Amino acid sequence: MMMKNVGYAHLHEHLALGVLPPRCPARVRPVTRLTRFGEELAVPPERSPADDDLLAHMLFALKHEGVDLAILAESLPHLPVDALVASLEASPNGIYLRRLAYLYEAFVAPLPLEPAVKGRSVPLFDPKHYVTGPASRNSRWRVNVNGLGTLSYCAVVRRTPEIEALLKEDILAEARAFMASLPPGMLDRAIQWAYLSETQSSFEIERESPSPDKQQRFMQLLRKAHDGQPLDEGYLVALQNSVVSNPFDKAAAFRHEQNYLHNGLPGAIGVSYLPPPPALCDTLMAALMGWANALSEPGGETSFERVPALVAATVISFGFFFLHPFMDGNGRISRFLLHHMLCRLGELPRGNLLPISIAMKRHEGEYLAALEAFSAPAREQWRVNWIDADHHDFHFAGSESLYRYWDATQAVAFTLSMAREALREDLKAETRYLACFDRVYRAIDARFDVRGSDLSRLVMMCLSQGGLLSKNRRRQFRYQVPEEALDAIEAETRKALDECADQGQTLRHL
């Protein structure tokens with residue numbers, strides 16, 4: 001027998017809302033108290049509101065399921081205003097009623113009563129359960145609006161155990177301390193490697209092999225992330241023009257046609273994701289850029305708790321990708337914006353970079369899953385008819401709130417873990433590689449007269465082969481480098497590698 005839905009799941013089903021269903025639906029089950037089973041909240045039959053009591057379902061949802069702005073924005077216009085007014089008059093200080101009253105007036109219309117609220121303000125998003133943003137106070141209902149964005153565009157990040165643990169590690173502070181501990185020459189070479197590797201990995205994610213010129217342009221673009229440029233349409237258009245080489249794909253503004261992603265399958269099933277229609281895209285891009293700029297302005301964060309930089313950067317990066325404001329180049333720009341936001345928030349010293357795309361490329365399946373957590377269910381709100389090889393007919397059957405409010409929890413968890421891996425398994429390993437290289441190079445250079453370029457190549461080859469030079473390499477250099485020097489290179493390299501192994505360390509290049 002089909003179980004009865006409660007709260008957000010009931011509102012979504014009963015009102016046939018064109019937004020994503022709740023992540024963890026509440027359903028009536030044969031239990032004696034509210035109990036979470038996996039991705040479902042089991043509700044005792046006696047706790048379930050009547051089907052036609054929308055207010056009771058909304059209050060149940062706010063109390064037990066948190067804040068789902070998309071469902072609330074679309075269901076509040078269906079709420080009988082008299083029921084809400086009567087409840088407010090009876091319980092003017094109710095926390096959940098005040099939140100609902102604030103949202104009703106924000107999404108629908110002013111309520112015909114004067115609030116009689118007493119006591120302290122309450123947050124819209126409970127900081128115990130959500131990562132929150134700068135708060136603005138609604139004095140009428142004494143609600144602190146503290147989402148990751150505004151009611152024009154807002155992401156949600158739930159404080160899961162995984163995210164709590166990752167935030168406590170403070171990866172960016174660890175990165176700054178590590179970079180500060182390196183000798184200047186070592187740091188410079190490690191950062192040069194980081195820029196090159198970040199560039200190559202970002203193109204590899206796009207399944208693209210860039211020309212040397214295109215690769216160099218993207219590296220130069222990454223260095224400009226430290227310029228602190230505010231986000232606006234003109235700046236993003238310039239970025240798009242710099243990462244796209246085909247002159248016919250270069251944009252002059254945000255897109256004026258419907259874009260879509262293709263998975264290679266024929267017909268309509270080949271359309272894997274559709275971003276919002278152009279007019280809505282313009283509106284949401286303005287809201288996303290405005291929030292990003294407000295966060296990074298001096299004194300821009302007025303709440304007592306600063307938004308963690310990697311959380312803010314993820315919302316900007318993934319949010320940009322989901323809006324897809326250009327016909328081409330969105331993926332690379334979205335990953336650039338990750339670095340851009342970290343730099344604008346002053347999290348990395350000027351010129352430094354954490355090569356997060358290297359880890360993302362290594363975990364492409366998880367990256368795709370983080371994107372599809374939103375894109376796959378959003379695709380279901382579109383009707384796509386295939387016309388011919390080059391044309392489709394697109395009809396958006398959903399609501400604007402689908403794109404205005406999204407759950408960034410999985411995306412943030414992924415980005416935090418990739419930043420940690422990029423630091424500990426890539427950047428730190430690269431510096432160990434450079435330290436081994438320097439050690440072997442100096443030891444051989446002190447004993448033998450070998451041309452510097454040849455010695456550098458031989459040491460790199462020997463490190464990459466676990467301390468051995470192949471017979472072909474020895475033959476290649478037999479007229480340039482003495483045999484005893486080649487033997488010494490192998491011996492010094494093995495000694496350096498053995499010491500790393502004894503310390504449980506690995507080298508990135510091996």
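Glu421 counts as buried, because its relative accessibility is 12%, below the 20% cut-off. The model is predicted. Glu421 sits in helix H17, and H17, spanning 409-447, also gives two or more residues to the lining of the largest pocket. That pocket has a volume of about 1100 Å³. The second largest has a volume of about 800 Å³.

**Glu421 and its contacts**
- Helix H17 holds Glu421.
- Beyond residues up to four places away in sequence, Glu421 touches Ala359, Arg362, His363 and Asp426.

**Largest pocket**
- The volume is about 1100 Å³.
- The lining has 42 residues, and those closest to the pocket centre are Arg23, Glu65, Tyr130, Arg158 and Asp407.
- Helices that give two or more residues to this lining are H2 (54-64), H3 (69-75), H5 (95-107), H15 (364-379) and H17 (409-447).
- Strands S9 (153-156) and S14 (405-407) also give two or more residues each.
- H15 provides the largest share, 4 residues.
- By class, the lining splits into 26 nonpolar, 6 polar and 10 charged residues.

**Second largest pocket**
- The volume here is about 800 Å³.
- A set of 28 residues lines this pocket, with Glu206, Leu261, Phe321, Leu368 and Leu371 nearest its centre.
- Two or more lining residues come from each of strand S10 (261-262), strand S11 (271-273), helix H13 (330-344) and H15.
- H15 again gives the largest share, here 8 residues.
- The class split is 10 nonpolar, 9 polar and 9 charged.

**H15 in both linings**
- H15 supplies 4 residues to the lining of the largest pocket and 8 residues to that of the second largest.

**Four-stranded sheet**
- An open sheet is built from 4 strands in the order S1-S2-S4-S3, with mixed pairing.
- S1 (5-6) and S3 (35-37) are the edge strands; each has a single partner strand, so one side of each lacks a neighbour in the sheet.
- S2 (residues 26-28) runs parallel to S4 (residues 40-43), and 3 bridges join the pair.
- Arg27 faces Ala42 of S4.

Notes
Residues numbered from 1 in each chain as written. Predicted model: local features only at pLDDT ≥ 70, side-chain atom pairs only at ≥ 80, totals over all residues. Heavy atoms only, no water. 1 Å grid on protein atoms, 1.4 Å probe; cavity = no way out; pocket = protein on both sides within 12 Å on 5 of 7 lines; lining within 4 Å. Points joined across faces, edges and corners; volume = space filled by probe spheres on them. Nonpolar A, V, L, I, M, F, W, Y, C, P; charged D, E, K, R; others polar. Pairing = 2+ DSSP bridges. Buried < 20%, exposed > 50% of the residue type's maximum accessible area, 1.4 Å probe, protein only. Contact = heavy atoms within 4.5 Å.
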